[in-house]
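Hello,

Here is the structure I promised to pass on to you. Please open it and keep it beside this email as you read.

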Amino acid sequence: CGGSGTTYLRKDGTWQTVTTDLSGDSSPQLGGDLDLNGNNIITASGALTLKPASGASVLIQEDEDDIDAAPILDLYKNSASPNVSDQLGRINFTGNASDDSKQTFAYMAASHSDETASTEDGRIYWGLQKNGQLLQLMQLESIGTSRPNFSLGRGTMLRFKDSDDSNHVNLQGPATVSSNYTLTLPGDDGSANQVLKTDGSGVLS
């Protein structure tokens with residue numbers, strides 16, 4: 001008796017019109033939890049932006065009491081024709097430069113090393129801004145049955161800091177290398193006054 005499909009009687013005796021089509025609402029607000037019921041949030045075009053209040057966080061929470069890894073953030077590239085070295089996902093860390101231009105100052109990304117079914121290999125890598133250029137500087141990769149390798153690119157040094165970070169020791173490779181080679185460390189620390197030597201094939205003792 002009275003009202004319509006989008007008009008409801010309030011407990012104070014007045015009628016309230018409720019808009020169920022949000023397409024024309026530029027700033028809809030939720031009064032409770034949003035239950036997707038197994039569905040997706042899809043953008044017709046452009047990026048999906050989550051903009052928390054100043055100083056707030058974006059929290060992904062799992063409340064299960066078990067030993068399973070949870071919650072899981074899954075970056076899934078659903079490609080019908082995957083190829084080797086396809087980028088599978090990337091996380092950019094961006095901010096403004098002094099001219100207020102948006103710049104990526106660091107990133108973490110992953111790709112195939114081998115996309116072949118049952119022999120798949122993966123690669124993850126990291127990049128940083130260096131003198132105005134965004135460069136890939138570190139990479140962890142597995143290839144076939146060989147040992148996985150961790151590489152530092154662009155002449156990156158490995159730095160060991162002391163206990164209060166006041167001083168450090170750098171290890172770095174030569175400026176140029178004519179061909180690839182492997183140095184294999186000995187299986188123990190040796191005796192007093194012994195030194196490392198090579199057998200000419202990269203095996204140290």
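Below is what was found in it, starting with the strands and ending with the pockets.

Please keep in mind that this is a predicted model.

**The five-stranded sheet**

A good place to begin is the open sheet, whose five strands follow the order 3-4-5-6-7 with antiparallel pairing. At its edges you will find strand 3 (87–96) and strand 7 (149–152); each has a single partner strand, so one side of each is left without a neighbour in the sheet. From one strand to the next, the twist averages 20 degrees.

Strand 7 pairs with strand 6 (residues 133–141) in the antiparallel sense, and four bridges link the two. If you would like a landmark here, look for Gln-139, which stands opposite Ser-151 in strand 7.

**A residue in strand 4**

Next, find Thr-104, which sits in strand 4 (residues 102–114). Is Thr-104 buried or exposed? Its relative accessible area is 16%, and buried means under 20%, so Thr-104 counts as buried. Setting aside neighbours within four places in sequence, Thr-104 is in contact with Arg-90, Asn-92, Phe-93, Thr-94, Gln-129 and Leu-134.

**A hairpin further along**

Strand 8 (residues 158–161) and strand 9 (residues 168–171) run antiparallel and are joined by four bridges. Across this pair, Lys-161 stands opposite His-168 in strand 9. The hairpin has six residues between the strands, and in it Asp-165 takes a positive phi near 65 degrees.

**Two pockets**

Now for the empty space. The largest pocket holds about 830 Å³. Its lining is made up of 19 residues, and those nearest its centre are Phe-150, Ser-151, Leu-152, Gly-173 and Tyr-181. Which strand gives the largest share of that lining? It is strand 7, with four residues, and this is the strand that stands at an edge of the sheet. Ser-151, opposite Gln-139 in the strand pairing, thus turns up again among the residues nearest the pocket centre. By class, the lining has 10 nonpolar and nine polar residues, and no charged ones.

The second largest pocket has a volume of about 270 Å³. Leu-30, Leu-34, Leu-36, Ile-41, Ile-42, Thr-43, Leu-48 and Leu-50 line it. Of these residues, seven are nonpolar, one is polar and none is charged.

I hope you enjoy looking through it.

Best wishes

Technical notes:
Residues numbered from 1 in each chain as written. Predicted model: local features only at pLDDT ≥ 70, side-chain atom pairs only at ≥ 80, totals over all residues. Heavy atoms only, no water. Pairing = 2+ DSSP bridges. Axes fitted to C-alpha atoms, helices over the stretch in contact; angles between N-to-C directions. 1 Å grid on protein atoms, 1.4 Å probe; cavity = no way out; pocket = protein on both sides within 12 Å on 5 of 7 lines; lining within 4 Å. Points joined across faces, edges and corners; volume = space filled by probe spheres on them. Nonpolar A, V, L, I, M, F, W, Y, C, P; charged D, E, K, R; others polar. Buried < 20%, exposed > 50% of the residue type's maximum accessible area, 1.4 Å probe, protein only. Contact = heavy atoms within 4.5 Å.
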